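Trainee: I have a structure open and would like to go through it with you. Where should we begin?

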Amino acid sequence: MAIKNYDPNIWEGIHTVRITIQQWEYVGHITEKVHGNCKGRDVLDFDFECEDGNLENDCNFYFHEDSDYFTADLKDENGNTLFVNGDAHDFNRMIVAVEIMDYVEE
């Protein structure tokens with residue numbers, strides 16, 4: 001679901017950004033909150049290389065700090081799961097969508 005109202009008058013706000021990762025028909029979503037004075041494309045510049053793993057998700061996404069790698073359980077439309085793991089480069093290659101879901105004044 002796309003954002004319904006992107007208020008141009010809000011300059012200090014919180015963007016809710018949804019990152020979709022996928023392999024074959026298996027999909028997972030990760031949600032990030034971006035605070036501050038930024039808008040549009042700047043908010044969408046997500047990179048697992050810069051992420052600390054403190055994100056909401058629906059795919060058991062987890063950053064293993066001790067080994068510097070990520071894991072997730074992606075699901076297909078029938079509820080079957082696919083376990084994926086890898087470093088930031090691997091997970092960046094799984095990104096198929098990044099979208100702003102909400103924007104509210106901070």
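Mentor: Let us begin with a term: a residue is called buried when its relative accessible area is under 20%. At 1% relative accessibility, Cys-59 therefore counts as buried. Please keep in mind that this is a predicted model.

Trainee: Is Cys-59 in a disulfide or in none?

Mentor: Cys-59 takes part in no disulfide. The nearest cysteine sulfur belongs to Cys-50 and is 19 Å away.

Trainee: What about Cys-38, which cysteine sulfur is closest to that one?

Mentor: The closest is again in Cys-50, at 14 Å from the sulfur of Cys-38, which is too far for a bond. Cys-38 is buried as well, with a relative accessible area of 18%.

Trainee: So how many disulfides does the count come to?

Mentor: The count comes to zero. A disulfide is a covalent bond between the sulfur atoms of two cysteines.

Trainee: Changing topic: which residues touch the most other members in the largest nonpolar core?

Mentor: That core has 23 residues, and those touching the most other members are Ile-21, Ile-30, Phe-48, Phe-61, Ala-72 and Phe-91. At least two core residues come from each of strand 1 (13-23), strand 2 (26-36), strand 5 (69-75), strand 6 (81-86) and helix 1 (88-92). In soluble globular proteins, nonpolar side chains tend to be buried together.

Trainee: What does Ile-30 touch, leaving out residues up to four places away in sequence?

Mentor: Its contacts include Ile-21, Phe-48, Leu-55, Cys-59 and Phe-61. Arg-18, Glu-56 and Asn-57 are also among the residues that Ile-30 touches.

Trainee: How many aromatic pairs are there?

Mentor: A search of the whole structure finds nine. One of them joins Phe-61 and Phe-70, which are stacked with 5.5 Å centre to centre and 20° between the planes. Phe-70 also pairs with Phe-63, and that pair is tilted, with 4.8 Å centre to centre and 40° between the planes.

Trainee: Why does the second pair count as tilted?

Mentor: Stacked requires planes under 30 degrees apart and edge-to-face over 60, so the 40° of Phe-63 and Phe-70 makes that pair tilted.

Trainee: Are these rings buried or exposed?

Mentor: Phe-63 and Phe-70 are both buried. Phe-61 is buried too, with a relative accessible area of 6%, and the value for Phe-70 is 2%. Ring pairs link Phe-46, Phe-48, Phe-61, Phe-63, Phe-70 and Phe-91 into a cluster.

Trainee: One last topic: where does the charged end of Lys-39 sit?

Mentor: The charged end of Lys-39 sits over the ring of Tyr-6, 5.1 Å from its centre. Lys-39 also lies over the face of Trp-11, at 5.0 Å from the ring centre.

Terms used
Residues are numbered from 1 along each chain as its sequence is written. This is a predicted model: local features need pLDDT of at least 70, side-chain atom pairs count only at pLDDT 80 or more; totals for chains, interfaces and linings use all residues. Side-chain values use heavy atoms; hydrogens and water are left out. A nonpolar core is a set of buried Ala, Val, Leu, Ile, Met, Phe, Trp, Tyr and Cys residues joined through side-chain atoms within 4.5 Å. Buried means under 20% relative accessible area, exposed over 50%, partly exposed in between (1.4 Å probe, protein chains only). Helices (H or I, at least four residues) and strands (E, at least two) are DSSP runs, numbered from the N terminus. Contact means heavy atoms within 4.5 Å. Rings of Phe, Tyr and Trp (its six-membered ring) pair if their centres lie within 6.5 Å; planes under 30 degrees apart count as stacked, over 60 as edge-to-face and the rest as tilted. A charge sits over a ring if NZ of Lys or CZ of Arg is within 6 Å of the ring centre and within 35 degrees of the ring normal. A disulfide is a pair of cysteine sulfur atoms within 2.5 Å.
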